[in-house]
Amino acid sequence: MPNKNNREIFSNNLKIFMEQKNKSRKEICDDLDIKYTTFVDWEKGNTYPRIDKIELLAKYFGIQKSDLIEEKNDTNKNSLELTARDERDIKKHLDKALENLENDEALMFDGEPVEMDEETKELLKASLENSIRLAKTLAKKKYTPKKYQKNDKSDD
């Protein structure tokens, strides 16, 4: 049975990924069909989840299992992963770009304005978001000193 330290480590890591992915307890419980009280116990460090639930959460957040169960040292805190602040910046830039497209009718093809259906708008939004996210990640890589960059190791 895991000791209290392992529960605390898991609890801290869970909170970090919830913040980074901007997910609430209720959203996670609904999406993964987990009892709310069970999830609260994990988040508070009262209990430790079974490995199948750790795997489920890791897949949900798009991370390695070790990211949830291993304590991160100080150098990893300054890694190249996007933070909650980065996510807010991405959303702000995306909203601004979409607003400019809507207001300025900036999309043209052969000199003619392009009319877009909702599906095309969603595809364009996803493409813009991915581009902004990639630019943010590349900028972090370029401007983060090497001593603070996380070493890339495969965890599984």
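**Exercise 1.** In this predicted model, helix 2 (residues 25–32) packs against helix 3 at about 125°, with the axes 10 Å apart. Classify how helix 2 lies to helix 3.

*Solution.*
- Start with the cut-offs: 65 to 115 degrees is roughly perpendicular, and over 145 is roughly antiparallel.
- The angle is about 125°, so helix 2 is oblique to helix 3.
- Add the handedness: the crossing of helix 2 and helix 3 is right-handed.

**Exercise 2.** List the residues that meet where helix 2 touches helix 3, and sort them by character.

*Solution.*
- Helix 2 brings Arg25, Lys26, Ile28 and Cys29.
- Helix 3 brings Tyr36, Phe39, Val40 and Glu43.
- The contact residues sort into five nonpolar, no polar and three charged.

**Exercise 3.** Work out how the buried residues of helix 3 (residues 36–44) are arranged around its axis.

*Solution.*
- Pick out the buried residues: Phe39, Val40, Trp42 and Glu43.
- Look down the axis of helix 3. These buried residues fall within an arc of 160°, so they line one face of the helix.
- Check the other side of helix 3: Thr37 and Lys44 are exposed there.
- Step past the end. Gly45, just after helix 3, has a positive phi of about 80°.

**Exercise 4.** Do the same for helix 4 (residues 51–61).

*Solution.*
- The buried residues in helix 4 are Ile54, Leu57, Ala58 and Phe61.
- Viewed down the axis of helix 4, they fall within an arc of 100°, so they line one face of the helix.
- Gly62 follows helix 4, and its phi is positive, near 70°.

Key
Residues numbered from 1 in each chain as written. Predicted model: local features only at pLDDT ≥ 70, side-chain atom pairs only at ≥ 80, totals over all residues. Heavy atoms only, no water. Buried < 20%, exposed > 50% of the residue type's maximum accessible area, 1.4 Å probe, protein only. Helix = DSSP H or I, 4+ residues; strand = E, 2+ residues; numbered from the N terminus. Arc of directions from axis to C-beta. Axes fitted to C-alpha atoms, helices over the stretch in contact; angles between N-to-C directions. Parallel < 35°, antiparallel > 145°, perpendicular 65-115°, else oblique. Left-handed = near helix turned anticlockwise from the far one by under 90°. Contact = heavy atoms within 4.5 Å. Nonpolar A, V, L, I, M, F, W, Y, C, P; charged D, E, K, R; others polar.
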